[in-house]
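I opened this notebook to record what I looked up in the structure, working from the whole chain down to single side chains.

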Amino acid sequence: PVNRAARFLDGIGRPGVSTAALLLTAASGGGLVAYADSAAESAPEPSQDAPKKKVLVLGTGWAGTSFLKNLDCSQYEVKVISPRNYFAFTPLLPSVTCGTVEPRSIIEPIRRMFEKKSKDVTFCEAECFKIDASKKNVHCRSAVGTNLDGNGDFTLDYDYLVVALGANVNTFNTPGVLEHCHFLKEVEDAQKIQMSVIDCFEKASLPNITEEEKRKALHFVVIGGGPTGVEFAAELHDFLVEDLVKLYPAIQELVKITIIQSGEHILNMFDKRIAAFAEEKFQRDGIEVATGFRVVRVSDDLISMKSKSVGEEVSVPYGMAVWSAGIGTRRVIMDFMQQIGQTNRRALATNEWLRVRECEGVYAIGDCATVSQRKIMDDISMVFKMADKDNSGTLTLKEINDVLEDICIRYPQVELYMKSMHMLDIADLIKGAIGDSHKESMVVDIEEFKKALSHVDSQVKSAPATAQVAAQQGYYLAECFNKMEKCKEHPEGPLRMTGYKHLGQFAPLGGEQAAAELPGDWVSMGHSTQWLWYSLYASKQVSWRTRMLVVSDWTRRFIFGRDSSRI
């Protein structure tokens, strides 16, 4: 597509520029910039006293804080709205549930994070309940004070809006989940779970409780076999066998942990070897893994689930249940999507520049958004013409290889498809599509080229809703904003968010063992992987204060064990 530089500059709100761009290359994750042969119309120099553009950021999670940390705030008037005045290192929430790490060790006050930018950044502890794109303002409600009208509501205008509100828990409208299950999205959720675990043990220790009631109270159920559910189950098991059995020896044989997973395996987004390793370890540890079951109802003492294979409904008594079966859309995002014509979606649809589609000056990053990846079959004729430099109407292997890197950057699904089909190079991809007349010369015409790439778009996938994806999107968008003024003087092609850099993913499995899927299709499992997890998560803390607190918590746990006080 042509004129992408103009689209980029239009996307950040700069009128009055005539740009003709030829896109030669771009970088996944915002590493490089496309070259554009462009010329800007002469424009008067902006006044030194010209008011700064207003950038309004909603949310202080991974995406929002990454954007703010990397944004040159001196260029803008920046306001931040969030109902919590801190950033939480959410990957360690399962550790908080069992006292392995203290809650305050994984949070950093927002005002402290941006202390050096305080003169350029204004923070308001409030919740956004409405976005009005037509009037370019948002409606907020303070949780800690009131405005002059006495109702705590206020409105803020913006020139650019960055929506980083994250996601809600998805209950799939299952009856009883909201009333009877715990969740694990916020620090407060982890603290409630910690108290509930101790409550279950104290209840089972009462003298007037029957053995059946004790077994019910000590049955801990985790609904959802993803990374969060698996890590919580592992943490809880370690808490039981390393600490609580010493304090409650009379009831240790009655404790049971169950994971309910609708799929055929837990950790189904990981390599199959990791899923098998986790299931075998949990079986040895006595953690029951019930796969192929869907929870249909939750009451105050029973969880009803249906087998997906035979359709039989089974009810099990429980003492505490944690729901970690997926994420859903926040109400304010649903209302905003309805306003801009994006109904029946899980998240806000953005283009490759993270701008909300058909919405001027509004960007969305993190779990509340999804990037629409362009399909290669929509541009197949343009791709063929770009590669056919001698205008022969056919492509040689050399001609394809010359543009393959650019194609894989623009359409990352090409590389994903080749990897999934265990293809070593582009020759393997086109062999099956070449007709008999071209077998020896290994050249393809347009129809054969289409045939070779016809299944590639099946690998178009949304980026996973993880902390690393949200952080990379925040960094990328900040870089775009930082280049805005430069682009006014020297227009250039766009940075495109065509994908994300996979930095690996971990699954702690308890007993000082973990599994990891690392870049380059490396899989690591065992005790050494757990120590790699410790090193990585300590280094990823947002400040030296939290880094020292987390490491000291781990050290305290090794020496003294976990605290079982109900505070």
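How many helices and strands does the secondary structure of the protein chain come to? I found 19 helices and 25 strands, where helices (H or I, at least four residues) and strands (E, at least two) are DSSP runs numbered from the N terminus. I kept in mind that this is a predicted model, in which local features need pLDDT of at least 70 and side-chain atom pairs count only at pLDDT 80 or more, while totals for chains, interfaces and linings use all residues. Residues are numbered from 1 along each chain as its sequence is written, and side-chain values use heavy atoms, with hydrogens and water left out.

Whole chain. I noted that buried residues make up 50% of the 567 residues, buried meaning under 20% relative accessible area, exposed over 50%, and partly exposed in between (1.4 Å probe, protein chains only). Of the contacts (heavy atoms within 4.5 Å) between residues at least 6 apart in sequence, 64% join residues at least 24 apart.

Residues 375-410. I looked up this stretch because UniProt, in an unreviewed entry, lists it as "domain: EF-hand", in the numbering used here, with a shortened feature name and an annotation that may be inferred rather than shown by experiment. In the model the stretch is 61% helix and 8% strand, and its end C-alpha atoms lie 10 Å apart.

Arg-297. I located this residue in strand E13 (residues 293-298). Is Arg-297 buried or exposed? I recorded it as partly exposed, because its relative accessible area is 39%. Not counting residues up to four places away in sequence, Arg-297 touches Thr-174, Pro-175, Leu-302, Ile-303, Ser-304 and Glu-313. Pro-175 is 122 residues away along the chain, yet the two C-alpha atoms are separated by 5.1 Å. With Glu-313, the side chain of Arg-297 makes a polar contact of 2.7 Å, that is, a pair of N or O atoms within 3.5 Å, one able to donate a hydrogen and the other to accept it, where residues adjacent in sequence count only if both atoms are side-chain atoms.

Helix H18. For the 13 residues of H18 (residues 527-539) I compared the 19 Å between the end C-alpha atoms with the 18 Å expected at 1.5 Å a residue, and the two agree; the expected span is 1.5 Å times one less than the number of residues. Its buried residues are Thr-529, Gln-530, Trp-533, Tyr-534, Tyr-537 and Ala-538. An α-helix has 3.6 residues a turn, so residues three or four places apart point the same way. The elements that the buried residues of H18 pack against include helix H8 (227-247), strand E24 (513-518) and helix H19 (544-560).
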